[in-house]
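Me: Could you take a close look at one buried spot in this model for me, and then show me how the surroundings fit together? I'd enjoy one connected walk through it.

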Amino acid sequence: MSGNFKQNWRGLVPWLVAAVVLVLIPRFSVGSGTEFTSDILIFAIMAVGLYVQIGLLGLVNFGFSAFFGLGGYLGALLLMRGSHSLLISLPLTVLATALVAGVFGWIALKTREIAFTMITLTFAQLLYVLAVANDGWTGGVNGLSGIPRPELPKAIAQPLGLTLNSDAGFYYFVLVMFVLVLWFVHTLSRSRMGAVFAGIRENEERMVVLGYATQHYKLAGFVISGAIGGIAGYMNATLFGFTGPGSLFWTVSGEAILMVILGGASSLLGPVVGAAVYVGLSHYAVSYTDHWRLFVGCAFIALVLFAPQGIVKIAQGGLRRVLPGGRRPDAGLAVGKEPTP
């Protein structure tokens, strides 16, 4: 018992440290540090949403920007022309994004591999063209600006003294959503559905023979992934008070895929680390050169060549040497196992 307790405690230490740091960031950050950390967490949520498709199901979606951008536009329109309430605008945005993901997924999942990748890319570009062409609802090429931040229910805001109009208040909102999304996907990966997802990823034909309706499971994963992307888009638009057609463009999908691969698609921690590294590099590199993407691209190529499993695997190797006999820092956050017949 004593040995198991020590191992469990060692595995929890990195998570406890990370939790304390995240909670204290608004207190110790200077300048736009709180806003910058909110931006990292939002993109981490987006990357986790894509991880559901890439990591759990093995689906390479090159049109994930459709859900990110759609979440931003829907959230903006609801807040600007409807209700400012968080409890109305966010659920409606997530529901609408999930419905669109259901339609897109129902069509796209009739194809496989490169055809699936290309049709998802086509869907995202279709929404991009519609956003650029429609000046009335989307603002055309100029996008929508002056988006108000949502309002917390008074029952929550008054006792805590929080408002989402402050950087600290909005940061804690983003942090709570980040934790909830992380917990949800972690629970999903360890559930029976997550085990079926893993089976589909490894050998879909075998799962069909075992009697699983793989198309239904893939569509469910596609919808869940799209809904999470909508959450990230909603928060991105309300963080900066702006959303534009660029959020729907295929390059955003490429960045999301890069985040997942950069951190590693073998565990839930991977996309989070990948998002932090990518956003951090882009934020600081742009102040030195306009060609920062070249350096990020070179770093990515080097990682793929020498550490194809991602940054998390590299870090795990180092931590195993520091904490011999301890659990891996991402223990319990690995992808689900294939179900047994």
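Reply: Happy to. Setting aside residues up to four places away in sequence, serine 247 touches Ser65, Phe68, Gly69, Tyr73 and Val252. Please keep in mind throughout that this is a predicted model. Serine 247 sits in the loop between β2 and α11, and its side chain reaches back to the backbone oxygen of glycine 244 at 2.7 Å. Is serine 247 buried or exposed? Its relative accessibility is 13%, and because buried means under 20%, serine 247 counts as buried.

Now turn to one of those partners, serine 65. This residue belongs to helix α3, which spans residues 65–81. Serine 65 is buried as well, with a relative accessible area of 1%. Which residues does serine 65 contact, once its neighbours within four places in sequence are left aside? They are Leu70, Ala124, Ser247, Leu248, Phe249, Trp250, Val252 and Ser253. The contact with Ser247 thus appears from this side too, and Val252 is on the list for serine 65 as well as on the list for serine 247.

Ala124, another contact of serine 65, leads us to an enclosed space. The structure holds two cavities of 30 Å³ or more, and the second largest has a volume of about 30 Å³. Its lining consists of Asn61, Gly63, Ala66, Phe67, Phe104, Thr120, Phe123, Ala124 and Phe222. By class, that lining divides into six nonpolar and three polar residues, with no charged ones. Helices α3 and α5 each supply at least two of the lining residues, and α5 gives the most, with three.

Helix α5 deserves a short detour. It runs over residues 113–133, and glutamate 113 is found in it. That residue has a positive phi of about 50°, although it is not a glycine. How accessible is glutamate 113? Its relative accessibility is 71%, and because exposed means over 50%, glutamate 113 counts as exposed.

Back at the loop that holds serine 247, the two flanking elements, β2 and α11, take us to an open space. Both β2 (242–243) and α11 (250–263) are among the elements that give two or more residues to the lining of the second largest pocket. That pocket has a volume of about 480 Å³. Of its 20 lining residues, the closest to the centre are Asp39, Phe43, Asn236, Phe240 and Glu255. Besides β2 and α11, the elements giving two or more residues are α2 (33–57), α10 (214–240), α12 (269–285) and α13 (292–306). Which of these provides the largest share? That is α12, with four residues. By class, the pocket lining has ten nonpolar, seven polar and three charged residues.

Helix α2, one of the contributors to this pocket, offers two more residues to look at. The first of my picks is isoleucine 40, which lies in α2 and is buried, with a relative accessible area of 16%. Leaving aside its neighbours within four places in sequence, isoleucine 40 is in contact with Ala275, Ala276 and Val279. Isoleucine 40 also makes a long-range pairing with valine 174: the two are 134 residues apart along the chain, and their C-alpha atoms are separated by 9.9 Å. My other pick, leucine 56, is likewise in helix α2. Leucine 56 has 1% relative accessibility and counts as buried. Its C-alpha lies 6.8 Å from that of arginine 201, although the two residues are 145 apart in sequence.

Finally, the chain as a whole gives these details a setting. Its secondary structure comes to 14 helices and two strands. How much of the chain is buried? Of the 341 residues, 48% are buried. Among contacts with a separation of 6 or more, 77% are between residues 24 or more positions apart. The accessible surface comes to about 16,600 Å², and carbon and sulfur atoms account for 68% of that area.

Methods:
Residues are numbered from 1 along each chain as its sequence is written. This is a predicted model: local features need pLDDT of at least 70, side-chain atom pairs count only at pLDDT 80 or more; totals for chains, interfaces and linings use all residues. Side-chain values use heavy atoms; hydrogens and water are left out. On a 1 Å grid over the protein atoms alone, a cavity is a set of points where a 1.4 Å probe fits but cannot get out, and a pocket is an open set with protein on both sides within 12 Å along at least five of seven lines; lining residues have an atom within 4 Å of a point. Grid points are joined across faces, edges and corners, and a volume is the space filled by probe spheres set on the points. Ala, Val, Leu, Ile, Met, Phe, Trp, Tyr, Cys and Pro count as nonpolar, Asp, Glu, Lys and Arg as charged, and the others, Gly among them, as polar. Buried means under 20% relative accessible area, exposed over 50%, partly exposed in between (1.4 Å probe, protein chains only). A polar contact is a pair of N or O atoms within 3.5 Å; within protein, one must be able to donate a hydrogen and the other to accept it, and residues adjacent in sequence count only if both atoms are side-chain atoms. Contact means heavy atoms within 4.5 Å. Accessible areas come from the Shrake-Rupley method with a 1.4 Å probe; for residues, only the protein chains shown count as cover.
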